[in-house]
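Here is a quick walk through a two-chain model, taken helix by helix and then across the interface. Have the structure open while you read.

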Amino acid sequence: MSQVSGATAGGLAWWENRRVRDRIYKTVSYVVVIAGAAVLTIPFLWMISSSLKPSAAVFASPPQWIPDPVMWRNYIDAWTAMPFTRFLFNTVFIIALGLTGELLSTTVVAYGFARYRFPGRNVLFVILLSTMMLPYVVTLIPTFLIWRSLGLINTFDPLVIGAIFAWGPFHIFLLRQFMLTVPVQMEEAALVDGANTMQRFGYIMIPLIRPALLAVGVFTFQAFWNDFLGPLIYLNDMTKYTMNLGIYFFMGGPAEAPQWHWLMAMSTLLALPVLLLFFLAQRYFIEGLTVTGIKG
Amino acid sequence: MQPHLATGFRFILVLGGVVGLMVVVQRLLLLLRVRREAATGYALITPWLVGFLVFTSIPMIASAYLSLTDYNILQPPTWVGLENFRRIFNRDIDFGPAIRITLLYAFLSVPIGVAGALFIAMLLANDLKGIGVYRTIYYLPTVLPEVAVALLWRWIFNPQAGLLNRIIGPVFRIFGMSRPDWFGDPTYVLPAFVIISLWGITGVNMVIFLAALKNVPTHLYEVAFIDGAGSWRRFWSITIPMVSPVIFLQVVRGIIGALQIFTVYAFTNPTPRAGKFMSFYIYQTGFQQFRMGYASALAWILFSIILALTLVVLRSSEMWVYYEGERK
């Protein structure tokens, strides 16, 4: 109760002063945000640091933060311990085809849902959205059996052909939401000028939804780059392995002691392209997510 | 190069086939006197429709059928009725631990993840200096490839040299306990996975929350402030209802994701005594032991659980999710 009397006597008590409260709130926010940032980056820095140590220093106690000497060789050694150049080539090949298929098919389908009225459109769109919720484990085995009956196990086909059939319902959703924000009048004007469907799609819609396309491109790249189960199930020959699959076998079984400095070097290399892509396309990445998150 | 060329060739062939199919669909519908706009619409969504049939509908039905059979790939499937399910519930010693750790992981990681993402988004929604840098850092765990993250954590959880045990080892010694063998000791596997999920709570979810928070009209807060509502009250009565659709979406997506965790499990390689995560158990049964029927039955159990949980969240959402659009 004494606080109240204090307040009546000399205006407000210090903790009731809005400016003081704001400042306290801000300071606490800073502390928490910076602490959180530290917690998030330390494992990442530890990964890079471990990748540059000589194998003896990896287990050194107390832990050594700055590697001495800096072993750039670890990267070359790890890379050449298995045919990783080949694995990288395979991965890039899969991504190139997958990205092409996914971008072409999802934009076309999204355009259909965004701009054309046809009976059953809304029902079909709800079905499309609900497939987002479908767990992959249910379709995993029959899909494998379909590819097997086509004799395409141990080829890249099961990993890329599906992309032609608009694999990602989320990507279609994202593109459609973006297309809905484009004013119809522009296409109508083009229609009056005699442009056909493909021209309106290619010359008007595509340039206007470039941010969304970039977002879908980045997401697709990430999905293929992260994919592990697909290659694990479908690829048998080592010559066809992807990066992730190569690293999995490089890691060795539970009995073998992994070469930690090499594994951390491979992890760093694996992270590099995605980090680079993220820094280059950060805006689109976040913009793409934001549009769907709000209107979802 | 040969396998690449072969796949590339088939890829172009299928791509051309799909384009051809789209043209055929449109022409055919026009011939059937369907309105031009509708015909074009159907033609445009043809790739998805075909994909939905071939890669979703047919596999769903096939999977349901397979779950009622015994199928080892070499011989044709033999019908066994509900035998697979009977065996899973009565005699499978791996099933109980698998379902237990999978569900516990989801129940722990999803609420913590969604609440944590909201909390961090609220902090970052303040106009702090250098906010762009923090946002980028907070996005780091999501951007890092799953395999790199799994390897990184396996290294951090290393019982002897891992960073975590070096930090918390002394604490454990005070209580007279030995340093935890995170992935080797069944008691620590679940906590280890929850810690990994904690690290990943920022990122996508946080970005979406951040955008949702920016969309809450400031006048709501101003009016509440004038009416004397404290910050706690404003949080529960304005922020939560306004972002509740986003919370709902993230809970549903979180449940589906958490129940199907695979890559991190495969790369961290924890002791199977803790229980294998369901998707890994299904993979082993189906693709290592080639018991495709049994694995399909396991997949359907997991699917039913996901469906049931999603429906529970959906039903309850009427009580706590507020859609502004409903006024219309």
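How many of the 11 residues of helix α13 (residues 278-288) of chain B are buried? Keep in mind that this is a predicted model. The count is 8, so the helix is mostly covered, with "buried" requiring 20 or more other C-beta atoms within 10 Å of a residue's own. The buried set in α13(B) consists of B:Met278, B:Ser279, B:Phe280, B:Tyr281, B:Ile282, B:Tyr283, B:Thr285 and B:Gly286.

What do they sit against? The buried residues of α13(B) pack against α4 (95-125), α12 (263-268) and α14 (292-320) of chain B, and also against α6 of chain A. After α13(B) comes B:Phe290, with a positive phi near 55°.

**Across the chains**

Helix α6 turns up again in another pairing between the chains. Helix α6 (residues 136-149) of chain A and helix α2 (residues 36-66) of chain B have axes that come within 8 Å and cross at roughly 90°. Angles of 65 to 115 degrees count as roughly perpendicular, so that is the label for α6(A) against α2(B). On the α6(A) side you'll find A:Val138, A:Thr139, A:Ile141, A:Pro142 and A:Thr143, and they meet B:Phe55, B:Thr56, B:Pro59, B:Met60, B:Ala62, B:Ser63 and B:Leu66 of α2(B).

Zooming out, 84 residues of chain A are in contact with 85 residues of chain B. On the chain A side, helix α14 (residues 260-295) of chain A supplies the largest share, 15 residues.

**Inside chain A**

Now for a helix pair within one chain. Helix α9 (residues 184-192) of chain A packs on helix α10 (residues 197-208) of chain A at an angle of about 130°, the axes being 10 Å apart. The two are therefore oblique to each other, and α9(A) passes α10(A) in a right-handed crossing. A:Met186, A:Glu187, A:Ala190 and A:Leu191 make the contact from α9(A), while α10(A) brings A:Gln199, A:Arg200 and A:Ile204.

Here is how the residues of these contacts split by class:

| Contact | Nonpolar | Polar | Charged |
|---|---|---|---|
| Side of chain A that touches chain B | 59 residues | 20 residues | 5 residues |
| α6(A) with α2(B) | 8 residues | 4 residues | no residues |
| α9(A) with α10(A) | 4 residues | 1 residue | 2 residues |

**Domains of chain B**

Where do the domains of chain B fall? The domain assignment gives domain 1 (2-66) and domain 2 (89-327). Their C-alpha centres lie 36 Å apart.

Technical notes. Residues numbered from 1 in each chain as written. Chains lettered and ligands numbered in written order. Predicted model: local features only at pLDDT ≥ 70, side-chain atom pairs only at ≥ 80, totals over all residues. Axes fitted to C-alpha atoms, helices over the stretch in contact; angles between N-to-C directions. Helix = DSSP H or I, 4+ residues; strand = E, 2+ residues; numbered from the N terminus. Parallel < 35°, antiparallel > 145°, perpendicular 65-115°, else oblique. Left-handed = near helix turned anticlockwise from the far one by under 90°. Contact = placed C-beta atoms within 7 Å. Nonpolar A, V, L, I, M, F, W, Y, C, P; charged D, E, K, R; others polar. Domains from an automatic or database assignment. Buried ≥ 20, exposed ≤ 12 C-beta atoms within 10 Å, placed from the backbone.
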